[in-house]
Amino acid sequence: MAKHHPHPVVDLRTSPYIRRAPSVDQIMRNVVYALLPVCAFSVYLFGISALALMLVTTLSCLLSEQFFCWMAKKKSTLPDFSAVITGLLLALTLPPGFPLWMGAIAGIVGISLGKILFGGIGCNVFNPALVGRAFVQAAFPVAISTWTPTFAANRFSEFIPSTLALPFMTPAATAEWSKTVAIDGFTGATPLALMKFEGVMVRTSDLFFGTTAGSAGETSALLILLCGTYPVARNMMDWRLPASVILGTAICAEFFYLLDPASYPTPLFMILSGGLMLGAVFMASDMVASPVTPWGIVLYGLIIGLLTVLIRLFGGLTEGVMYAILFANAASPLLETFTQPKVFGGDK
Amino acid sequence: MPEATRSETPMNLEIFTAGLWRENPVFVMMLGLCPTLAVTNSVINSLAMGAASIFVLVCSNALVSALRHFIPRQIRITTYIIIIATFVTMVDYIIQSISLDLYNALGAFIQLIVVNCLILGRADAYAAKNPITRTVLSALGMGLGFTFALVCLGGVRELLGAGSLLGFQIFSSNYQPWVVMLLPPGGFIVLGCWLLLFNWLKQRKTSRLIAAEEAIDHSRQIETT
């Protein structure tokens, strides 16, 4: 009869010594935690309209996910938090005054076309939030490029007029409203649009701290970087991915800047403006749609950076991060095939 | 021998209705997808394309069927293409003379009816093997089914993309059009949704049939025991 000793002298454990890998819902929950400060800052900048937009997109993502699970007679996949991330990310990439009904449609399309159609979580080829955004970009080009000023007066007590448009109805124009609430002169353009169409450069510090016009959650590069360190520190995101996106952007922007400094912006401006930071840290790193091989991740990031700069400088749109990431998502299976690491002891 | 009697039945409505629903060229056989996706951005375009296709389909299939004993097997495809191209040229000029706006809206897709899989496919698979009356009836059904599918797509795309149907404003003037629906991605998305609906209906029907057969088998087993 073996007798259990109350205080073992040597702490022996059997193998395996590696701890359990985090589960899907654990990772997703932690990404949501990392996103919360970005959301909070967005509400601080743009007021209750941004908050309402986040609630609506998240709710529409959750409801459509639940609906399709019910249709397919599957167990609900809501507890894994992936639909919450899709909803929050979607809201963060939309203009703060985006009509709520359009936000709901973006959520439904993102989940159904971007995720469920490919087989649900773990099978999506593209980042679902970006699929939803690409759809509304093509469907409602005016609404998605209508920007409103930060720190508007009464932003915590009244909605931006376009937010509360009736379903299927054209939202109210916000140009007049923006002029009355803005603290200083507001032109209704994002830093990228100012650069592209008027050749005006916004101060780098404004871009860094995020007090410029833009999508609800993309404005502050500093905050997004800080939030990104949390999943990286918990080993839930590969730091090489955002780093290589930024590197790709820097290389490509530097090339054009050296060619002609007068007409092309500095690499720092390219990195800090628009949705690049949000895209690099939270969008491109979608665990399903990005490659897993070490070199695949680097190539994937470089492609995103390169394409972003090319679309921004030579495309018809002012912002190119979304299409760059979607394109790289499509290329990621190919990148994985090309960059398979050599198996130790395998064929030479 | 139920199968033999069915195939020997010379004429029935089944030949006509097959193309409308059970063997719908777009929703079931996935033929002629190029015009389906390209010109269905409004109901009127869909109708015009459908009418042109019906004309070409019926006339060319009738001629192929009438000449089926004289066409050498080795050069049959070439012969079919020449016959089809004749009627397409006619349609091309007819539409041009009726409405130049419509002609410009449909663009190259009228000429492209020549290479429509549906028309060539029906000529080779049906008209070359069947007498002329059956062929005409079947082609008419197929053509109407094709038009039905085009109008299904065109209706949704025009309604969402412009808020109108056949050019009449349906929603209030404040309606926000979904620009994407008039663009090519809209065609793919709407076609996908319709295919989803039709497959779902078909699946439900077969699962019900299977359930009914199982119930009959079960009752027989009870009777025998």
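Which residues touch the most other members of the largest nonpolar core? The legends below start there; the model is predicted.

**View 1. The largest nonpolar core, with its best-connected members.** Five residues answer the question: A:Leu53, A:Leu88, A:Leu130, A:Ile304 and A:Ile325 touch the most other members of this core of 90 residues. The top contributor is H1(A), which gives 11 residues. Domain 1 (23-146 + 148-184) and domain 2 (189-338) of chain A both supply residues, so the core lies between them. Elsewhere there is a second, separate core of 38 residues, and its members include B:Phe27, B:Phe87, B:Ala123 and B:Phe146.

**View 2. Where domain 1 of chain A meets domain 2 of chain A.** The domain assignment splits chain A into domain 1 (23-146 + 148-184) and domain 2 (189-338). Their C-alpha centres sit 20 Å apart. On the domain 1 side 33 residues take part in the contact, and on the domain 2 side 29 residues do. Helices H1 (24-46), H2, H3 and H5 of chain A each give two or more residues to the domain 1 side. H1(A) has the largest share of that side, at 13 residues. Sorted by class, the domain 1 side holds 24 nonpolar, 8 polar and 1 charged.

**View 3. Helix H3 of chain A, wrapped up by its neighbours.** H3(A) runs for 12 residues and reaches 17 Å from its first C-alpha to its last, close to the 16 Å expected. How many of the 12 residues of H3(A) are buried? The count is 12 of the 12, so this helix is largely enclosed by the rest of the structure. Look for A:Ser82, A:Thr86, A:Gly87 and A:Thr93 among them, alongside residues such as A:Val84, A:Ile85 and A:Leu92. The buried residues of H3(A) pack against H1, H2, helix H4 (100-114), H5 and helix H12 (276-283) of chain A.

**View 4. A:Leu88 and A:Leu35, a contact between helices.** A:Leu88 is one of the buried residues of H3(A). Setting aside neighbours within four places in sequence, A:Leu88 is in contact with A:Val32, A:Leu35, A:Cys39, A:Met54 and A:Thr58. Follow that list to A:Leu35, which lies in helix H1 of chain A. A:Leu35 counts as buried because it has 25 C-beta neighbours inside 10 Å, and the cut-off is 20 or more. With the same neighbours in sequence left out, A:Leu35 is in contact with A:Leu88, A:Cys227 and A:Phe282. A:Leu35 and A:Gly228 are 193 residues apart in sequence, yet 8.4 Å apart in space, C-alpha to C-alpha.

**View 5. Two loop residues of chain A with positive phi.** Neither of these is a glycine: phi of A:Lys73 is near 55 degrees, and phi of A:Phe168 is about 70 degrees. A:Lys73 is found in the loop between helix H2 (48-71) and helix H3 (82-93) of chain A. A:Phe168 is in the loop between helix H5 (128-139) and helix H6 (175-181) of chain A. Their surroundings can be put in numbers too. A:Lys73 has 6 C-beta neighbours inside 10 Å and so counts as exposed. A:Phe168 has 18 other C-beta atoms within 10 Å and so counts as partly exposed.

**View 6. Helix H10 of chain B, out in the open.** H10(B) covers residues 184-224, a run of 41 residues. From its first C-alpha to its last, H10(B) reaches 60 Å, close to the 60 Å expected. Is H10(B) largely in the open or largely enclosed? Of its 41 residues the number buried is 4, so H10(B) lies largely in the open. Those buried residues are B:Gly186, B:Gly187, B:Val190 and B:Leu191. Their cover includes helix H3 (33-38), helix H8 (132-162) and helix H9 (179-182) of chain B.

**View 7. Chain B and its contact with chain A.** Chain B has 10 helices and 2 strands. Its C-alpha atoms fill a box of roughly 70 × 55 × 25 Å along the principal axes. Buried residues make up 34% of the 225 residues in chain B. Where the two chains meet, 8 residues of chain A are in contact with 9 residues of chain B. The chain A side of that contact has 7 nonpolar, 1 polar and no charged residues.

Note on methods: Residues numbered from 1 in each chain as written. Chains lettered and ligands numbered in written order. Predicted model: local features only at pLDDT ≥ 70, side-chain atom pairs only at ≥ 80, totals over all residues. Contact = placed C-beta atoms within 7 Å. Nonpolar A, V, L, I, M, F, W, Y, C, P; charged D, E, K, R; others polar. Expected span 1.5 Å × (residues − 1). Domains from an automatic or database assignment. Core = buried A, V, L, I, M, F, W, Y, C linked by C-beta atoms within 7 Å.
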